[in-house]
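Colleague: Please take me slowly through one part of this model, and then show me how the parts around it are arranged. I am new to this, so please explain each term when you first use it.

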Amino acid sequence: MTRSSQTCRGRVTWRRNYSFYRDEVKSLRAVVNPDISKIRNIGIMAHIDAGKTTTTERMLYFSGYTRALGDVDDGDTVTDYMAQERERGITIQSAAVTFDWKDHRINLIDTPGHVDFTLEVERALRVLDGAVAVFDASAGVEAQTMTVWRQAEKHKIPCVCFLNKMDKPAASLRYSIDSIKTKLKANPILLQIPIGSGKSFTGLVDLITRQKMTWQGSSLTYDGPAFETSGLQPSDDPDVLQAVSEARATLIEQVADLDDDFAELLLGEYSENFDAVPAGKLQEALRKVTLARKGVPVLCGSSLKNKGVQPLLDAITAYLPAPNERNHDLVRWYKDDLCALAFKVVHDKQRGPLVFVRIYSGSMKAQSAVYNINRNGTERMSRLLLPFADQHIEIPSLSAGNIALTVGLKQTVTGDTIVSSKASAAAAVRRAQNEAESKSSSQRESSSLALAGVEVPEPVFFCSIEPPTLAKQADLEDALNCLQREDPSLKVRTDLDSGQVRTL
């Protein structure tokens, strides 16, 4: 028995050797298409330096997809792979990574926190189903937090909040909760309370299950894959027991106010003791509340100190929606045919343009032709890849609900809708017209079979550029064309009087 428990807690459970893939990446089930109900497409969004990239790095490590913990200050994180990002210690462009957590597939996009790169957040949120908002627990809601929160609200994306940096001396759970209420006008639902504060922050108490989670070790050398879980005991700190009792009562009251079915359950079976409601029933009601965007689950931890990230991953799979739980009206006309949205283009020197697509229906296969509705043309896709930051794993096909990376689409740009064929688009038109005849309110929807693209903000500054010699004019034009495909907010105009090229 003792040896078994030691094996479960040992690092061998988290650091396996998958030598048949690239050294840094484990991708055990990358070629398997999971059930759509087990997929979570999420984004990590926050203000500058709240800990988005560090949190992403810990998720990859604890799920077994990297063998070593990367650090932003050291410039060796997975998602910040550009030279400029590693030099400055910031995220400039959003990066997609795919990994498995328990029996779920998580497609995660780490977004920038600087206002200069708002477009990267916008086009990521356009194709995601849920988001994790990361907060510095010592600062609460900051300026860019409000910007990215408004973007998530615009796309009606359910969110989970993560109060990071609970180990900082100035960290305050109460202040952070109050700032979410007042500045974001949200309804935070606290699911955990910390054990200790500042440097003495050692663990969490899950208010739903009343389980205490304790991470041993406080130094940066502790990588945190193993933690002790135990139920609360009468011998525990009386202050902690009192705080848990009050916080859990508040949690049950909040959920009951937001979900009528749960309120009826409380008043019926558990009228004599609300606290006796099973954890499963409370979690089920909380999921309904989160998906309806009536409340926002709040968790806490310290990503840098490797504490609280595993419960956050559990919360992502428990409370954020699967792709089939999000309503996309237009997609129903395509039924089982392919319908996907291109949301980002990256230029690769060897492979050419790489197009990121979110698949909404049907499946996408390598070595197949696809029809671009916006460009009214057919292109051939040579390869299909599973994104993992700047490393990609080639796969033969990918099903609805996933995010893929395609090679060979030369004309496709951000915001284009891709379907399997022109005949498929025509069939969708007929279905839309038939529905419009029976429902006059559908007339507006049936006017276009293209998915809503990405809203591009207006440029805020411009500059003039010119090649060093006339011989370099063609190279400059090619470079600008590539940049415009990658960044839709970049506008290029030629001044007729001076002949200079102006970029906006």
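Modeller: A residue is called buried when its relative accessible area is under 20%, exposed when it is over 50%, and partly exposed in between (1.4 Å probe, protein chains only). Helices (H or I, at least four residues) and strands (E, at least two) are DSSP runs, numbered from the N terminus. This is a predicted model, in which local features need pLDDT of at least 70, side-chain atom pairs count only at pLDDT 80 or more, and totals for chains, interfaces and linings use all residues. Residues are numbered from 1 along each chain as its sequence is written, and side-chain values use heavy atoms, with hydrogens and water left out.

The part to look at closely is helix α7, which covers residues 238–258. Its buried residues are V240, V244, A247, R248, L251, I252, Q254, V255, A256 and L258, a list that holds the charged residue R248 as well as several valines and leucines. As a rule, an α-helix has 3.6 residues a turn, so residues three or four places apart point the same way. What lies over the buried residues of α7 includes the strands β6 (188–190), β7 (192–195) and β8 (203–206), together with the helices α8 (260–268) and α9 (279–291); contact here means heavy atoms within 4.5 Å.

The length of α7 can be checked against expectation, taking the expected span of a helix as 1.5 Å times one less than its number of residues. For the 21 residues of α7 this gives 30 Å, and because its end C-alpha atoms are 31 Å apart, the two values agree. At the N-terminal end, D237 acts as a cap, with a side-chain oxygen 3.0 Å from the backbone nitrogen of D239. That is a polar contact, a pair of N or O atoms within 3.5 Å in which, within protein, one must be able to donate a hydrogen and the other to accept it, residues adjacent in sequence counting only if both atoms are side-chain atoms.

Two of the strands that cover α7, β7 and β8, belong to an open sheet of 4 strands in the order β7-β8-β9-β10, with antiparallel pairing, where two strands pair if DSSP finds at least two bridges between them. The strands β7 and β10 (228–231) stand at the edges with a single partner strand each, so one side of each has no neighbour in the sheet. On average, neighbouring strands of this sheet are turned by 25 degrees against each other, direction ignored. Between β7 and β8 there are 4 bridges, and these strands run antiparallel; in this pair, Q192 stands opposite D206 in β8. Helix α7 packs on the sheet, touching β7 and β8, and its direction makes about 170 degrees with that of β7; axes are lines fitted to C-alpha atoms, for helices over the stretch in contact, and angles run from 0 to 180 degrees between N-to-C directions.

Strand β6, which also helps to cover α7, leads us onward, as 3 bridges join β6 to β11 and the two run parallel. Here P188 stands opposite V296 in β11. Strand β11 (residues 296–300) also pairs in the parallel sense with strand β5 (residues 159–164), over 3 bridges, and there L299 is the bridge partner of F162. With 5 of its 5 residues buried, β11 is largely enclosed by the rest of the structure. V296, V298 and C300 point one way from this strand, whereas P297 and L299 point the other way, and all are buried.

Strand β1 (residues 39–46) offers a further example, being mostly covered, with 8 of its 8 residues buried. From β1, I39, N41, G43 and M45 point one way and R40, I42, I44 and A46 the other. In general, the side chains of a regular strand alternate between the two faces of the sheet. β1 pairs in the parallel sense with strand β3 (residues 104–110) over 6 bridges, with I42 opposite L108, and 5 bridges join β1 to strand β4 (residues 130–136), also running parallel, with I44 opposite V132.
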